[in-house]
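Please look over the structure shown below before reading the briefing on its interior, its pockets and its backbone.

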Amino acid sequence: MAILEVNHIEKHFENTKVLEDISFSLEEGKALAIIGSSGSGKTTLLRCLNFLETPDRGTITVRDEILFDADNKAAFGEEAIRQKRLHFGLVFQGFNLFPQYTALENVTLAGRLREKDKSGWPAIERQGLELLERMGLADRAGHYPHQLSGGQQQRVAIARALALHPDVLCFDEPTSALDPELTGEVLKVIRSLAEQKTTMIIVTHEMAFARDVADEIIFMDGGVIVEQGPARQVIEAPREERTRQFLARY
C-alpha cells in the first residue's frame with residue numbers, strides 16, 4: 001500500500017515552470033531515488049514535499065490523509081503546515097546543524113521543544129543517544145559541529161531527522177558537500193536504513209548507489225518525470241533516449 005501519493009504537482013517561479021505534472025507513489029519501507037541534472041527540479045520537489053515551497057497545483061497525501069491540496073490552500077495555515085511537515089524528515093546538502101549545540105543537543109532539540117513537560121526530556125535524550133549510536137557516533141555526543149568531520153556532521157543530521165519518526169525520510173544530495181573519502185561513511189548509513197526498510201526519497205548523483213540501494217528510480221529533466229521504474233532497469237536498461245544520454249556521462 002502506498003504511504004505517499006503525489007499527484008499532478010506543479011511549481012512556478014514567476015514565469016519559469018520548475019515542476020510540471022509530477023505524479024508518483026511510494027510504498028512503505030521502499031526507497032525511491034531521484035536522479036537528473038542540476039536544475040531539473042529535484043530539490044524543488046523535495047522542498048514541496050517538506051512544505052518549504054508551496055506547489056501551485058496538485059495534492060500530497062500521506063497515509064490517506066491529504067496534507068496539501070492546491071485547490072484548497074485556505075485550509076493549510078502556518079500551524080497546520082508545521083504539523084504536516086512532521087510527516088517528512090529532510091537531510092540537507094549542507095548539514096544545517098546548529099553550531100552552538102552539541103551533536104546530542106542538535107538531535108534532541110526539536111523533541112525538547114515539542115515536549116513542554118521537562119519530565120519527558122530524559123527519554124528524548126536516551127533516544128538521541130541511541131540514534132547517535134546507530135550512526136556510529138556514540139563517542140561524539142558531546143562534540144560541537146566544528147569538532148566533527150563533514151561525514152560525522154551529516155550523520156548527526158540524519159539522526160536529527162530520524163528523531164521525530166517521520167513517515168518519509170528525504171535526502172537532498174546527502175554527499176555533495178563531502179570530500180570523496182567521507183562519502184562512503186554516509187552512504188553506508190543510508191544503505192543500512194534501506195536494509196531496515198526505512199521509507200526514503202533520495203536525491204542523489206551517485207548512480208551506482210541509486211541502482212544498488214533504491215527500489216525505484218525517477219529520472220527528471222526540465223521539471224518533468226522522463227522515466228520511472230525499477231532501479232536496475234532504469235540505470236542498466238533505460239527506455240528513454242534522454243535517460244540514456246544522461247547516464248552516458250556516468
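The points that follow are grouped by topic.

This is a predicted model, in which local features need pLDDT of at least 70 and side-chain atom pairs count only at pLDDT 80 or more, while totals for chains, interfaces and linings use all residues. Residues are numbered from 1 along each chain as its sequence is written, and side-chain values use heavy atoms, with hydrogens and water left out.

**Nonpolar cores**

- The largest nonpolar core (buried Ala, Val, Leu, Ile, Met, Phe, Trp, Tyr and Cys residues joined through side-chain atoms within 4.5 Å) has 34 residues, and Leu-132, Ile-158, Phe-171 and Met-200 have the most contacts inside it.
- Two or more residues of this core come from each of helix 3 (103-114), helix 4 (121-134), helix 5 (150-162), strand 7 (168-172), helix 6 (180-195), strand 8 (200-203) and helix 7 (207-213), where helices (H or I, at least four residues) and strands (E, at least two) are DSSP runs numbered from the N terminus.
- Helix 6 gives the most to this core, with 7 residues.
- A second, separate core has 29 residues, including Ile-3, Leu-26, Phe-88 and Ile-218.
- Met-200 touches (heavy atoms within 4.5 Å) several residues, among them Leu-26, Phe-171 and Ile-190, not counting residues up to four places away in sequence.

**Pockets**

- On a 1 Å grid over the protein atoms alone, a pocket is an open set of points where a 1.4 Å probe fits, with protein on both sides within 12 Å along at least five of seven lines, and its lining residues have an atom within 4 Å of a point.
- The largest pocket holds about 740 Å³ of space, a volume being the space filled by probe spheres set on the grid points, which are joined across faces, edges and corners.
- Its lining has 23 residues, of which Arg-85, Leu-86, Phe-88, Ala-110 and Leu-164 lie nearest the centre, and helix 3 supplies the largest share, 5 residues.
- The second largest pocket holds about 200 Å³ and is lined by 15 residues, with Gly-36, Ser-37, Ser-38, Gly-39 and Lys-42 nearest its centre.

**Backbone**

- Most residues other than glycine have a negative phi.
- Asp-21, in strand 2 (residues 16-27), has a positive phi of about 50° although it is not a glycine, and Asp-21 is partly exposed at a relative accessible area of 40%.
- Glu-173, in the loop between strand 7 and helix 6, has a positive phi of about 45° and counts as buried at 11% relative accessibility.
- Buried means under 20% relative accessible area, exposed over 50% and partly exposed in between, with a 1.4 Å probe and protein chains only.
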